[in-house]
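These are my notebook entries from working through one structure. I wrote down what I looked up, step by step, and kept each entry brief.

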Amino acid sequence: MLHSPQIQLDGEDIALRRVLGRYSGADSGKLLIVTAGIHGNEPAGLLAFARVLARLESSRTNMVGSLVGLGGNLAALSQDVRYIEEDLNRLWSIQASAPRAATIERREQAELDRELHALIQEQAALGQSLALLDLHSTSSEGPPFTILEGGTSNVSIARALGVPSIVDLHKDVPGTLLDFVDHRSIPGIVLEGGQNRSPATVGHHEAGIWLMLDHLDMIPTVDRAFLARQRMKIDSAVAGLPGLLRIFLRYNIEAGEEFTMVPGFRGFQRIQRGEVLAQSRGP
């Protein structure tokens with residue numbers, strides 16, 4: 001698939017490739033898969049993974065198991081757009097045997113799907129477990145939060161990260177990558193790190209990877225003071241916010257609809273009854 005070989009964020013070059021990197025310990029164990037850039041205007045996760053991988057390699061961190069990073073919509077990332085023809089994060093309920101139109105996103109999905117299945121089969125052959133952390137960001141400013149299915153292992157991971165958690169949102173948005181792992185009983189969460197191109201978002205994603213590795217007992221000898229600094233990144237961003245939330249109303253924007261948010265709102269901001277949040281003119 002043709003795309004630019006790299007993009008830039010926060011003054012750093014980011015290589016665009018399907019396998020972002022892998023770091024493995026001498027002993028087999030759990031596998032943490034980190035996916036980033038499923039939406040092409042959300043590059044922060046790729047840079048965060050690159051920074052984590054660089055530190056692991058430079059410090060020769062003793063790891064139990066493996067960490068693997070996978071790039072999402074490479075074509076859309078090269079153009080800094082959410083998607084080109086269709087949303088890659090709405091295609092995961094399509095069965096592999098079903099006919100697929102030759103859209104850019106479905107070719108991207110086919111490549112990513114092959115990598116995911118290979119990793120799942122590898123862990124199954126080893127008799128070891130795996131988990132997935134899907135890194136996303138938002139167009140507006142806001143604190144980091146997670147989206148998860150309400151299983152025990154997912155809630156445990158979310159609590160370890162220490163950010164607000166929105167439960168079962170993906171059930172109203174079919175075809176997400178979270179559906180893919182949920183249907184296979186693989187622990188997995190989405191970490192929304194903040195605004196798409198904010199340096200703070202990269203930091204939140206970095207912290208999320210480190211804290212999840214620690215929660216899974218994959219980095220037993222890592223510097224605890226370093227981990228405490230990662231925890232502080234998260235704690236300072238979510239201070240005073242609720243821990244668990246459920247969605248009671250979701251407004252679906254239709255194709256051709258002119259939908260505009262009123263400026264100035266932030267994620268998780270308290271609002272008053274009757275307060276105008278957005279304006280819409282129907283298709």
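**Salt bridges**

I began with glutamate 122, which forms a salt bridge with arginine 22, and I noted that their closest N and O atoms are 2.6 Å apart. Glutamate 122 lies in helix H3 and arginine 22 in strand S3 (residues 19-24), so this pair ties together parts that are 100 residues apart in sequence. I kept in mind throughout that the model is a predicted one.

Next I looked up how far each partner is covered, for which I needed the cut-offs: buried means under 20% relative accessible area, exposed means over 50%, and partly exposed lies in between. Glutamate 122 has a relative accessible area of 28%, so I entered it as partly exposed. Arginine 22, with 36%, is partly exposed as well.

I also wrote down the general idea that side chains of opposite charge can pair when their charged atoms come close. For the structure as a whole, the count comes to 13 salt bridges.

Another of the pairs I looked up is glutamate 12 with arginine 51, where the closest N and O atoms are 2.6 Å apart. Because glutamate 12 lies in strand S2 and arginine 51 in helix H1 (residues 44-59), the pair ties together parts that are 39 residues apart in sequence. I found glutamate 12 to be partly exposed, with a relative accessible area of 31%, and arginine 51 to be partly exposed too, with 22%.

Which residues are linked with this pair in a network of salt bridges? I found that Asp10, Glu12, Arg51 and Glu206 are linked in such a network.

I then turned to aspartate 214, which forms a salt bridge with arginine 224, the closest N and O atoms being 3.1 Å apart. Aspartate 214 belongs to helix H6 (residues 199-215) and arginine 224 to helix H7 (residues 224-238), and the two residues are ten residues apart. Aspartate 214 has 22% relative accessibility and therefore counts as partly exposed, while arginine 224 is partly exposed with a relative accessible area of 47%.

**Two aspartates in loops**

I came back to aspartate 10, since its backbone caught my eye: aspartate 10 has a positive phi of about 55 degrees although it is not a glycine. I located aspartate 10 in the loop between strand S1 (6-9) and strand S2 (12-15), and at 39% relative accessibility it counts as partly exposed.

Aspartate 80 also has a positive phi of about 55 degrees, and it is not a glycine either. I located aspartate 80 in the loop between helix H2 (74-79) and helix H3 (104-126), and its 41% relative accessibility makes it partly exposed.

**A pocket and a patch**

What is the volume of the second largest pocket? I noted about 180 Å³. Twelve residues line this pocket, and the closest to its centre are Val155, Arg159, Ser165, Gly243 and Leu244. The elements that give two or more residues to the lining are helix H4 (152-161), strand S8 (165-167) and strand S10 (244-246), and H4 gives the most, with three residues. By character, I sorted the lining into six nonpolar, four polar and two charged residues.

Last, I looked up a nonpolar surface patch of about 530 Å², made by Tyr251, Ile253, Phe259, Met261, Ile271 and Leu277. Of these I followed isoleucine 253, which lies in the loop between S10 and strand S11 (258-261) and counts as partly exposed at 42% relative accessibility.

Conventions. Residues are numbered from 1 along each chain as its sequence is written. This is a predicted model: local features need pLDDT of at least 70, side-chain atom pairs count only at pLDDT 80 or more; totals for chains, interfaces and linings use all residues. Side-chain values use heavy atoms; hydrogens and water are left out. On a 1 Å grid over the protein atoms alone, a cavity is a set of points where a 1.4 Å probe fits but cannot get out, and a pocket is an open set with protein on both sides within 12 Å along at least five of seven lines; lining residues have an atom within 4 Å of a point. Grid points are joined across faces, edges and corners, and a volume is the space filled by probe spheres set on the points. Helices (H or I, at least four residues) and strands (E, at least two) are DSSP runs, numbered from the N terminus. Ala, Val, Leu, Ile, Met, Phe, Trp, Tyr, Cys and Pro count as nonpolar, Asp, Glu, Lys and Arg as charged, and the others, Gly among them, as polar. Patches are made of residues with over 30% relative accessible area and no salt bridge: like charges are joined within 9 Å, nonpolar side chains (Val, Leu, Ile, Met, Phe, Trp, Tyr) within 5 Å. Accessible areas come from the Shrake-Rupley method with a 1.4 Å probe; for residues, only the protein chains shown count as cover. A salt bridge is a side-chain nitrogen of Lys or Arg within 4 Å of a carboxyl oxygen of Asp or Glu. Buried means under 20% relative accessible area, exposed over 50%, partly exposed in between (1.4 Å probe, protein chains only).
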